[in-house]
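Me: Could you take me through one small part of this protein, step by step? I would like to see how a single residue fits in with the strands and the helix around it.

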Amino acid sequence: MIPPEQHDALHARLLPWARPDGGPCYLRTDGHGYVSRMADEIEAVQLAMGAEVLDCARPIIAATGATVTELRFTAVRLAECLTDALRIAESRDGRLRRDGGHG
């Protein structure tokens, strides 16, 4: 149970992973707990992986001899990375708005 004086300090944060049913997963937090730090680390890994996938995708997309299978695989990986990046952006936007743009 959250004491009433701490209730206003806690906000829902969109986490960088989904629930088992695919829906969004939220954490009520002041932004300083273990799960918040884990979420920050996972977001950093997801963004770094997205940059790596993009670096690998560019030559495949540019190759005139790329097969349909290669292009489809590349598109799926890029879509996964874009999904992660959009979830991170949504989460960070929510925190910036909540904190008055100072996040």
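Reply: Let's start where two strands pair: Ala-18 has Pro-24 in β2 as its bridge partner. Keep in mind that this is a predicted model. Strands β1 and β2 run antiparallel and are joined by 5 bridges. Between the strands of this hairpin lie 5 residues, and there Gly-22 takes a positive phi near 90 degrees.

Now follow β2, residues 24–29. Cys-25, Leu-27 and Thr-29 point to one face and are buried, while Pro-24, Tyr-26 and Arg-28 point to the other face and are not buried. This fits a general pattern: in a regular strand, side chains alternate between the two faces of the sheet.

Next, look across to Arg-13, which sits in strand β1, residues 11–18. Is Arg-13 buried or exposed? Its relative accessibility is 3%, so Arg-13 counts as buried, since buried means under 20%. Among the residues that Arg-13 touches are Cys-25, Leu-27 and Thr-29, and also Ser-36, Ala-39 and Glu-43. With Glu-43 there is a polar contact of 3.2 Å between the two side chains.

Glu-43 brings us to helix α2, where Ser-36, Ala-39 and Glu-43 are among the buried residues. The cover over the buried residues of α2 includes β1, β2 and α3. You can also check the length of α2 yourself: its 29 residues, at 1.5 Å a residue, should span 42 Å, and the end C-alpha atoms are 42 Å apart, so the two agree.

How values were computed: Residues numbered from 1 in each chain as written. Predicted model: local features only at pLDDT ≥ 70, side-chain atom pairs only at ≥ 80, totals over all residues. Heavy atoms only, no water. Helix = DSSP H or I, 4+ residues; strand = E, 2+ residues; numbered from the N terminus. Buried < 20%, exposed > 50% of the residue type's maximum accessible area, 1.4 Å probe, protein only. Polar contact = N/O pair within 3.5 Å; in protein donor to acceptor, adjacent residues only side chain to side chain. Contact = heavy atoms within 4.5 Å. Pairing = 2+ DSSP bridges. Expected span 1.5 Å × (residues − 1). Lists of a residue's contacts leave out its neighbours within four places in sequence.
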